[in-house]
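Thanks for coming, everyone. I'll keep this brief. Let's put the model on the screen.

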Amino acid sequence: MKKLLIVLGITLAILITNTQVVAGGTSALKFFYLVKEFFPDKEHVDVFIAKHELDAQLEAINRASVQMKVKVHVHPIENSIDIGSAIKKLNSGSALVIFDSDVFDDNKNKLYILSKAKEKQIAVFTASQSYSESGAFLGCIPDAGGSKLILNFKYSDTLKGSYDDAFLEKVGISQVIS
């Protein structure tokens with residue numbers, strides 16, 4: 001009985017650890033959940049992640065995609081050239097999750113990604129406060145109490161009337177930028 005409890009405890013610890021893909025403190029599961037909440041018909045999510053972080057996080061991304069029933073296309077990014085190539089592959093109207101990394105923090109890269117996303121009507125989900133304020137559709141910003149959700153309608157004027165206050169409260173939106 002004692003061995004069984006130890007094995008269960010270790011298994012639980014491994015499961016909890018592996019389901020968290022940290023993107024500035026936000027898990028892939030939470031991002032995919034938010035995509036499905038805001039866009040229930042989305043069956044596909046694109047992910048920009050730093051190439052050096054991919055191996056450590058791919059399994060958890062795949063696990064989260066199975067749980068949320070979305071197909072994920074992961075774009076490993078190492079530099080600005082990779083960003084340009086990946087943006088060209090994105091379909092109009094898709095959802096893009098950007099995991100925090102130095103390559104994405106560069107202001108030129110950020111503005112390029114957000115301008116192309118707006119042009120192609122791609123909803124950007126991020127854990128970056130800077131991206132959220134600059135035009136990403138949804139920011140899931142880590143803070144002391146967990147995370148703060150920022151919805152930004154600069155991304156798309158057409159979505160402004162799509163979500164009522166009850167929905168925003170249910171999802172946990174703390175700030176709306178118009």
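**Strands, then two helices**

Start with the strands: β5, residues 138-143, pairs with β6, residues 146-152, in the antiparallel sense, and 6 bridges join them. Keep in mind that this is a predicted model. β5 and β6 make a hairpin, with 2 residues between them. To find the register, look at proline 142, which sits opposite serine 147 in β6.

Now the next partner of β6. Does β7 run parallel or antiparallel to β6? The pairing is parallel: β7, residues 173-177, meets β6 over 4 bridges. Here asparagine 152 is opposite isoleucine 177 of β7.

On to the helices. Take α4, residues 80-89. Which of its residues are buried? They are Ile83, Gly84, Ala86 and Ile87. Think about spacing for a moment. An α-helix has 3.6 residues a turn, so residues three or four places apart point the same way. Ile83 and Ile87 are both on that buried list.

What covers the buried residues of α4? The cover includes two strands, β1 (44-50) and β2 (71-77). It also includes two helices, α5 (102-105) and α6 (107-119). Look at the start of α4 too. There, a side-chain oxygen of asparagine 79 comes to within 3.0 Å of the backbone nitrogen of isoleucine 81.

Last, α2, residues 28-38. Why call this helix largely enclosed by the rest of the structure? Because 8 of its 11 residues are buried. Four of the names are Ala28, Phe31, Phe32 and Leu34. The others are Val35, Lys36, Glu37 and Phe38. Note that Lys36 and Glu37 are among the buried residues.

Key. Residues numbered from 1 in each chain as written. Predicted model: local features only at pLDDT ≥ 70, side-chain atom pairs only at ≥ 80, totals over all residues. Heavy atoms only, no water. Pairing = 2+ DSSP bridges. Buried < 20%, exposed > 50% of the residue type's maximum accessible area, 1.4 Å probe, protein only. Contact = heavy atoms within 4.5 Å. Polar contact = N/O pair within 3.5 Å; in protein donor to acceptor, adjacent residues only side chain to side chain.
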